[in-house]
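Trainee: I've just opened my structure and I don't know how to start reading it. Could you walk me through it, feature by feature?

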Amino acid sequence: MKQLLEMQSVTIGYANTQPVLQEVSLTVAKGEIVAIVGQSGSGKSTLLRAIIGALPAGGRILSGKIMLSGRDMAELSSTEWRALRGTRLSMIFQDNGAMLNPIRTIGSQFVEYMRAHERSLSKQTAIQRAKEQLEQMSLSEPERILSAYPYQLSGGQRQRVGIAMALTFAPELLLADEPTSALDVTTQSHIITQLRHVCARKGTALLLVTHNIGVAQALANRLIVMKEGHIVEQGQTMEVLQHPQSDDTRMLLESIPKLGRKF
């Protein structure tokens with residue numbers, strides 16, 4: 001399987017502090033779904049932000065490389081980063097809906113997002129594509145949603161709008177940072193199902209950070225377990241869950257919440 005993403009012995013730190021990530025190496029193949037689990041503070045979110053070039057102020061890669069399709073991402077210019085984000089590489093946040101502008105309709109924001117990446121796109125074409133994206137996320141009445149303001153939608157609807165926007169340009173790699181943790185179990189189930197179907201249909205690779213073993217089990221081909229900035233174990237999801245090889249992994253898996261229902 002051809003590797004899309006490669007992290008090679010990456011160490012990330014902030015000024016005058018211990019490294020947040022230490023010698024982290026992982027791969028994600030084209031079309032693969034990989035989940036990262038670990039307690040708060042294990043470095044999971046930092047890892048995703050490093051990949052998309054959005055480390056918080058003061059954060060930097062101290063050593064190692066992050067490669068996308070064989071290209072060292074540290075060599076990308078600011079222009080290349082702008083072209084990459086939202087197209088080949090996209091990200092879903094824990095509360096994507098909170099990133100929506102509360103005083104603008106969903107449709108106006110969706111159109112602006114698409115035309116920022118594809119300037120020649122007409123408003124009419126953009127609206128039609130937005131409807132199609134919402135339908136793919138099983139959002140009924142897409143016209144109503146596009147004419148609504150964020151506060152007029154439920155949390156699950158806002159999150160699905162955010163996911164639909166992130167998937168607009170069929171990214172090669174989708175990063176997801178706790179995309180269902182703020183939602184009720186039923187809505188989590190719907191979103192996980194849609195993510196799985198969309199990734200399969202479009203051939204999108206997904207690197208998912210989650211506290212929830214049920215979500216990881218439902219989605220991921222492979223599972224990576226992190227603790228205190230290190231990868232302590234990785235392998236096929238069910239193999240790691242059923243036969244953890246280290247005491248650290250066993251303790252982490254016992255401490256991480258498990259979702260009661262299957263997706």
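**Reading the fold step by step**

Mentor: Sure, let's start with a helix and what comes after it. Helix 1 is followed by Gly 53, which has a positive phi, near 70 degrees. Keep in mind that this is a predicted model.

Trainee: Okay. How many residues of helix 1 are buried?

Mentor: 6 of its 8 residues are buried, so helix 1 counts as mostly covered. The buried ones are Lys 44, Thr 46, Leu 47, Leu 48, Ala 50 and Ile 51.

Trainee: And which strands does helix 1 touch in the sheet with strand 7?

Mentor: Let's look at that sheet before the helix. An open sheet of 6 strands has the order 6-7-8-3-9-10, and its pairing is mixed. Strand 6 (89–92) and strand 10 are at the edges with a single partner strand each, so one side of each has no neighbour in the sheet. On average, neighbouring strands here are turned by 15 degrees against each other, ignoring direction. Helix 1 (residues 44–51) packs on this sheet and touches strand 3, strand 6, strand 7, strand 8 and strand 9. The direction of helix 1 makes about 150 degrees with that of strand 7.

Trainee: What does mixed pairing look like up close?

Mentor: Take two pairs of strands. Strand 7 and strand 8 (residues 205–209) run parallel, joined by 5 bridges, and Ala 176 stands opposite Leu 208 in strand 8. Strand 9 and strand 10, on the other hand, pair in the antiparallel sense over 6 bridges. There, Arg 222 sits opposite Gln 236 in strand 10. Strand 9 and strand 10 also form a hairpin with 2 residues between them, and Glu 228 in that turn has a positive phi of about 50 degrees.

Trainee: What is the strand order in the open sheet of 4 strands?

Mentor: The order is 2-1-4-5, with antiparallel pairing. Strand 2 (21–29) and strand 5 (71–72) stand at the edges, and each has a single partner strand, so one side of each is left without a neighbour in the sheet. Strand 1 (residues 3–13) and strand 2 are joined by 6 bridges, with Met 7 opposite Leu 26 in strand 2. Helix 1 packs on this sheet as well, touching strand 1, strand 2 and strand 4, at about 115 degrees to the direction of strand 1.

Trainee: Can we zoom in on one residue there? Where does Ser 63 lie?

Mentor: Ser 63 is in strand 4 (residues 60–68). With a relative accessible area of 30%, Ser 63 is partly exposed. Not counting residues up to four places away in sequence, Ser 63 touches Ser 9, Val 10, Thr 11 and Glu 23. Ser 63 and Gly 13 are 50 residues apart along the chain, with their C-alpha atoms separated by 9.6 Å.

Trainee: Back to helices. Why do the buried residues of helix 10 line one face?

Mentor: The general idea first: an α-helix has 3.6 residues a turn, so residues three or four places apart point the same way. In helix 10 (residues 247–255), Thr 249, Leu 252 and Leu 253 are buried. Viewed down the axis of helix 10, the buried residues fall within an arc of 95 degrees, so they line one face of the helix. Asp 247 and Glu 254, on the other side of helix 10, are exposed. The cover over the buried residues of helix 10 includes strand 3 (33–37), helix 8 (213–219) and helix 9 (237–242).

Trainee: How do I read aromatic pairs?

Mentor: A pair of aromatic rings is described by the distance of the centres and the angle of the planes. This structure holds 2 aromatic pairs. The ring centres of Tyr 113 and Phe 169 are 6.4 Å apart and their planes are at 50 degrees, so this pair is tilted. The pair links distant parts of the chain, 56 residues apart: Tyr 113 is in helix 3 (residues 106–117), and Phe 169 is in the loop between helix 6 (155–166) and strand 7 (173–177). Tyr 149 and Tyr 151 form a stacked pair, 6.3 Å centre to centre with 20 degrees between the planes.

Trainee: Last one: which residues touch the most other members of the largest nonpolar core?

Mentor: In soluble globular proteins, nonpolar side chains tend to be buried together. Here the largest nonpolar core has 47 residues, and Phe 110, Leu 134, Val 161, Leu 206 and Leu 219 touch the most other members. A second, separate core of 31 residues includes Met 7, Ile 66, Leu 84 and Leu 89.

Key. Residues are numbered from 1 along each chain as its sequence is written. This is a predicted model: local features need pLDDT of at least 70, side-chain atom pairs count only at pLDDT 80 or more; totals for chains, interfaces and linings use all residues. Side-chain values use heavy atoms; hydrogens and water are left out. Buried means under 20% relative accessible area, exposed over 50%, partly exposed in between (1.4 Å probe, protein chains only). The arc is that of the directions from the helix axis to the C-beta atoms. Contact means heavy atoms within 4.5 Å. Rings of Phe, Tyr and Trp (its six-membered ring) pair if their centres lie within 6.5 Å; planes under 30 degrees apart count as stacked, over 60 as edge-to-face and the rest as tilted. Two strands pair if DSSP finds at least two bridges between them. Axes are lines fitted to C-alpha atoms, for helices over the stretch in contact, and angles run from 0 to 180 degrees between N-to-C directions. A nonpolar core is a set of buried Ala, Val, Leu, Ile, Met, Phe, Trp, Tyr and Cys residues joined through side-chain atoms within 4.5 Å.
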